[in-house]
Amino acid sequence: MENEVRQQPFMKQTEEETPKYFQEALADFMHDAASGDAIRHLCDLGYTTDAIMRQLTFPTPRERVERAVYRHLTERGILLAALPENAGEVCTAGLSEDALWALLQKQIIQKGEESVYVSCPFGTIRRDREARLQKMLSPLTGREREYLMGIPWKPAVMYHRLNSRMLEISVRLVMHSDADMKFYFCG
């Protein structure tokens with residue numbers, strides 16, 4: 001018959017043919033259901049990636065926890081890949097540690113914590129000079145190093161909100177290491 005539509009039999013896809021993005025999406029969904037909320041909550045409480053892993057009851061690979069922490073920090077605006085166009089640099093040249101601390105606290109009070117950031121070169125260093133990074137981070141406490149090393153920094157300078165943790169870390173690094181870190185205010 002001329003008008004008959006020829007129907008192809010339904011063919012079931014094999015596991016090898018299932019698109020990889022579907023498998024990744026399903027794995028992300030399962031991870032989020034099992035431990036995503038816990039990771040975000042613990043991150044908000046200030047836990048490091050290592051501390052989060054110790055708290056999880058569902059076995060989760062470190063890489064997945066790092067990605068969840070990174071995604072959460074970027075979604076909340078705590079970690080930025082680029083500063084807004086209206087960002088201005090805070091001049092810190094020649095200041096003593098106490099003066100730098102006071103200046104940054106003043107900026108945070110005036111502009112609000114969500115508007116003050118510090119540049120973080122850790123991703124650029126981590127990729128090719130691990131020994132230099134370890135030397136740079138040597139003035140920090142173990143917990144402070146653990147926090148920075150638990151973030152999967154992109155291989156570029158990134159910007160971290162100058163919350164109380166990063167204020168302490170960044171002032172110590174600027175004053176006692178060769179870290180090239182600058183402070184910015186937005187708006």
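**Exercise 1. Find which elements build the wall of the largest pocket, then describe the pocket.**

Step 1. Start with the elements. Helix α1 (20-44), strand β4 (158-161) and helix α8 (164-176) each supply at least two residues of the lining of the largest pocket. Note that this is a predicted model.

Step 2. Add the volume. The largest pocket comes to about 250 Å³.

Step 3. Pick out the centre. The lining counts 15 residues, and the closest to the pocket centre are Cys43, Asp44, Gly46, Ile78 and Asn163.

Step 4. Sort the lining by class. It holds 6 nonpolar, 4 polar and 5 charged residues.

**Exercise 2. Establish how His72 is placed and what it touches.**

Step 1. Locate the residue. His72 sits in helix α3.

Step 2. Decide between buried and exposed. The cut-off for buried is under 20% relative accessible area. His72 has 8% relative accessibility, so it counts as buried.

Step 3. List the contacts. With neighbours within four places in sequence set aside, His72 is in contact with Arg40, Cys43 and Asp44.

Step 4. Check one separation. His72 and Cys43 are 29 residues apart along the chain, and their C-alpha atoms are separated by 8.0 Å.

Step 5. Link back to the pocket. Cys43 and Asp44 are among the residues closest to the centre of the largest pocket.

**Exercise 3. Lay out the fold, then work out the strand order of the sheet.**

Step 1. Take the inventory. The protein has 8 helices and 5 strands. Along the sequence they follow the pattern α-α-α-β-β-α-β-α-α-α-β-α-β.

Step 2. Order the strands. The 5 strands form an open sheet, β1-β4-β3-β5-β2, with antiparallel pairing.

Step 3. Find the edges. β1 (79-80) and β2 each have a single partner strand, so one side of each is left without a neighbour in the sheet.

Step 4. Count bridges for individual pairs.

- β2 (residues 87-90) and β5 (residues 183-186) pair over 4 bridges, antiparallel.
- β3 and β5 pair over 3 bridges, also in the antiparallel sense.
- β3 and β4 pair over 4 bridges in the antiparallel sense.

Step 5. Name bridge partners. Val90 is matched with Phe183 in β5. Val116 has Phe185 of β5 as its bridge partner. Tyr117 stands opposite Tyr184 in β5. On the β4 side, Val118 is matched with His160.

**Exercise 4. Determine how well β3 is covered and which way its residues point.**

Step 1. Check burial. In β3, 5 of its 5 residues are buried, so the strand is mostly covered.

Step 2. Split the strand by direction. Val116, Val118 and Cys120 point one way, while Tyr117 and Ser119 point the other way.

Step 3. Widen the view. Across the 187 residues of the protein, 38% are buried.

**Exercise 5. Describe the nonpolar cores and place Leu173 in its surroundings.**

Step 1. Size the largest core. It has 40 residues, and those with the most contacts inside it are Phe122, Leu148, Leu162 and Leu173.

Step 2. Trace the suppliers. Elements that each give at least two residues to this core are α1, α3 (62-75), α4 (97-111), β3 (116-120), α5 (122-126), α6 (130-137), α7 (142-149) and α8.

Step 3. Look for a further core. Another one lies apart from it, with 5 residues, including Leu80, Tyr159, Tyr184 and Cys186.

Step 4. List the partners of Leu173. Beyond neighbours within four places in sequence, Leu173 is in contact with Phe122, Met136, Leu137, Pro139, Leu140, Leu148, Ala179 and Met181.

**Exercise 6. Compare the settings of Val171 and Thr48, then put them in the context of long-range contacts.**

Step 1. Place Val171. It lies in helix α8. Its relative accessible area is 1%, so Val171 is buried.

Step 2. Find its contacts. Leaving out residues up to four places away in sequence, Val171 touches Glu97, Leu100, Trp101 and Leu104. Val171 and Trp101 are 70 residues apart in sequence, with 6.8 Å between their C-alpha atoms.

Step 3. Place Thr48. It is found in the loop between α1 and α2 (49-55). At 1% relative accessibility, Thr48 counts as buried.

Step 4. Find its contacts. Leaving out residues up to four places away in sequence, Thr48 touches Arg143, Glu146, Tyr147 and Arg165.

Step 5. Set the scale. Among contacts between residues at least 6 apart in sequence, 73% join residues at least 24 apart.

How values were computed. Residues are numbered from 1 along each chain as its sequence is written. This is a predicted model: local features need pLDDT of at least 70, side-chain atom pairs count only at pLDDT 80 or more; totals for chains, interfaces and linings use all residues. Side-chain values use heavy atoms; hydrogens and water are left out. On a 1 Å grid over the protein atoms alone, a cavity is a set of points where a 1.4 Å probe fits but cannot get out, and a pocket is an open set with protein on both sides within 12 Å along at least five of seven lines; lining residues have an atom within 4 Å of a point. Grid points are joined across faces, edges and corners, and a volume is the space filled by probe spheres set on the points. Ala, Val, Leu, Ile, Met, Phe, Trp, Tyr, Cys and Pro count as nonpolar, Asp, Glu, Lys and Arg as charged, and the others, Gly among them, as polar. Buried means under 20% relative accessible area, exposed over 50%, partly exposed in between (1.4 Å probe, protein chains only). Contact means heavy atoms within 4.5 Å. A nonpolar core is a set of buried Ala, Val, Leu, Ile, Met, Phe, Trp, Tyr and Cys residues joined through side-chain atoms within 4.5 Å. Two strands pair if DSSP finds at least two bridges between them.
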